[in-house]
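Work through the exercises below with the coordinates open, and try each task before reading its solution.

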Amino acid sequence: MSLSKEEQTELTRVAVFAGQILHQHGAESRLIEQTTQRIGLALGADNIELSVSPDAIVITSLSDGHCVTTTRRCFDRGINMQMVCEVQRICVMAEKQLLDARDVKKRLKRLTPFKHNRWLVVLMIGFSCASFSHFFGGDRAAYWVTFVAAAVAMILRQELAHRHHNPFVNFAAAAFVATTITSFGVIFEAGENPQIAMAASVLLLVPGFPLINSVSDMLKGHINMGIARWVFATLLAISVSIGIVASMTLVGVSGWTS
Amino acid sequence: MIELLYLLLQDAWFAWIPAVGFAMVFNVPSRMLIYCAIGGALTHSSRFLLMHYGVPIEWATFIVSANMGFLGLYWSRKHLIPRPVFTVASVIPMIPGSYAFTAMIALVEINTTGYSLALMQLVMENGLRTLFILTALSFGLALPSILIYRGRPIV
């Protein structure tokens with residue numbers, strides 16, 4: 001199958017757009033690479049080469065000995081698995097030749113990130129951290145203190161994220177608020193061991209997804225993506241601990257290292 | 001025996017909640033949340049069982065996350081959905097967040113109060129435990145694509 005120059009350029013744009021969406025919504029590097037290549041090949045390129053780096057992707061398509069290369073910057077738009085699923089579905093449909101380049105582009109353009117109801121998320125995160133307090137051996141008082149602290153921290157996190165604040169500032173602020181609320185549990189001696197609530201209430205701020213993605217990227221050969229994600233997750237964890245330490249110093253309650 | 005079963009069920013009950021909660025933060029599609037709940041409950045309770053019989057936490061984590069990787073493989077081929085959608089949310093209850101924060105806080109404390117053996121012990125022990133549990137988790141999840149698929153796409 002021979003492509004005209006315009007067709008090849010269009011194909012490259014469609015493939016890089018799919019890769020960009022995956023990159024921005026937190027897919028692992030192997031998935032970004034494979035899906036972009038599969039869409040390109042399904043639309044008729046002879047070969048697709050791409051380089052995934054932490055803030056951009058570069059892609060080259062080959063057809064009849066001609067190369068078209070393009071680069072896209074990828075800004076982090078938050079982890080969204082629904083977008084990853086949709087791009088994957090479009091990729092599978094293109095491979096079965098149900099869609100041509102124009103359909104793929106139209107469908108990719110139409111995708112809008114789905115978000116769960118924010119109050120439902122707050123409620124579930126509150127109960128999640130409360131469950132962690134149960135795993136740490138907390139009693140009923142610790143359970144409810146953790147629930148309140150985690151829910152308030154989650155509301156703050158959503159508000160700051162909505163206003164596009166820096167993630168490090170966001171996480172430090174949320175950790176500060178959660179620890180301050182649970183410190184009052186310690187001061188007023190809620191239950192047997194209120195320190196457990198201090199440990200459990202900040203677990204909503206663990207950067208679990210970047211950490212798992214980081215290790216699996218490195219395992220599958222994308223060392224520099226893995227390092228970038230690892231450093232990002234570590235910095236987030238450091239800003240959370242600075243938030244916790246700031247709160248403990250201010251309120252004068254220590255729950256972690258003593 | 002009955003008591004162990006009770007503890008196991010209790011563990012499974014408290015594990016599905018964080019799995020679904022964090023899956024919602026990652027915006028997993030609504031009809032896939034049930035799989036995250038099943039995965040979270042299964043993995044955390046089977047790790048509890050393994051640790052009850054004396055398996056160290058890193059190896060227990062590795063075994064259950066490898067099983068979760070294969071279960072995710074089945075689900076992802078059934079629904080044509082990428083594997084991380086199920087698997088990452090399911091192992092979230094096992095992420096060593098508390099160890100990670102303890103290590104970091106002890107580091108900050110060393111800076112403010114000066115070096116002490118007790119603080120350094122906290123940093124090293126918690127930091128290493130975080131590192132090993134996390135590697136075990138990701139390696140276990142990646143096992144199907146490392147051993148069986150070896151570079152070929154799963155869906």
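A residue is called buried under 20% relative accessible area, exposed over 50%, and partly exposed in between, with a 1.4 Å probe and protein chains only. The model is a predicted one, in which local features need pLDDT of at least 70 and side-chain atom pairs count only at pLDDT 80 or more, while totals for chains, interfaces and linings use all residues. Residues are numbered from 1 along each chain as its sequence is written, chains are lettered from A and ligands numbered from 1 in the order in which they are written, and side-chain values use heavy atoms, with hydrogens and water left out.

**Exercise 1. Backbone outliers**

Task: determine where B:Leu80 and A:His164 lie, and state whether each is buried, partly exposed or exposed.

Solution. As background, most residues other than glycine have a negative phi. B:Leu80, although not a glycine, has a positive phi of about 55 degrees. B:Leu80 is placed in the loop between helix H3 (57–79) and helix H4 (84–91) of chain B, where helices are DSSP runs of H or I with at least four residues, strands are runs of E with at least two, and both are numbered from the N terminus. Its relative accessible area is 37%, so B:Leu80 is partly exposed.

Turning to chain A, phi of A:His164 is near 60 degrees, again a positive value in a residue other than glycine. A:His164 belongs to the loop between helix H6 (140–162) and helix H7 (167–187) of chain A, and A:His164 counts as exposed because its relative accessibility is 71%.

**Exercise 2. The hairpin of chain A**

Task: describe how S1(A) and S2(A) pair, and assign the residues of S1(A) to its two faces.

Solution. Strand S1 (residues 47–53) and strand S2 (residues 56–63) of chain A pair in the antiparallel sense over seven bridges, pairing being accepted if DSSP finds at least two bridges between two strands. The two strands form a hairpin with two residues between them, and A:Ser51 stands opposite A:Val58 in S2(A). On S1(A), the covered face consists of A:Ile48, A:Leu50 and A:Val52, whereas A:Asn47, A:Glu49, A:Ser51 and A:Ser53 make up the uncovered one.

**Exercise 3. Overall form of chain A**

Task: why is chain A described as more spread out than a compact globule?

Solution. Begin with the inventory: chain A contains ten helices and three strands. The radius of gyration of chain A, taken over C-alpha atoms, is 23 Å, well over the 18 Å that the globule rule (2.2 Å times the number of residues to the power 0.38) gives for 258 residues, so chain A is more spread out than a compact globule. Along its principal axes, the C-alpha trace spans about 75 × 30 × 30 Å. Of the 258 residues, 54% count as buried.
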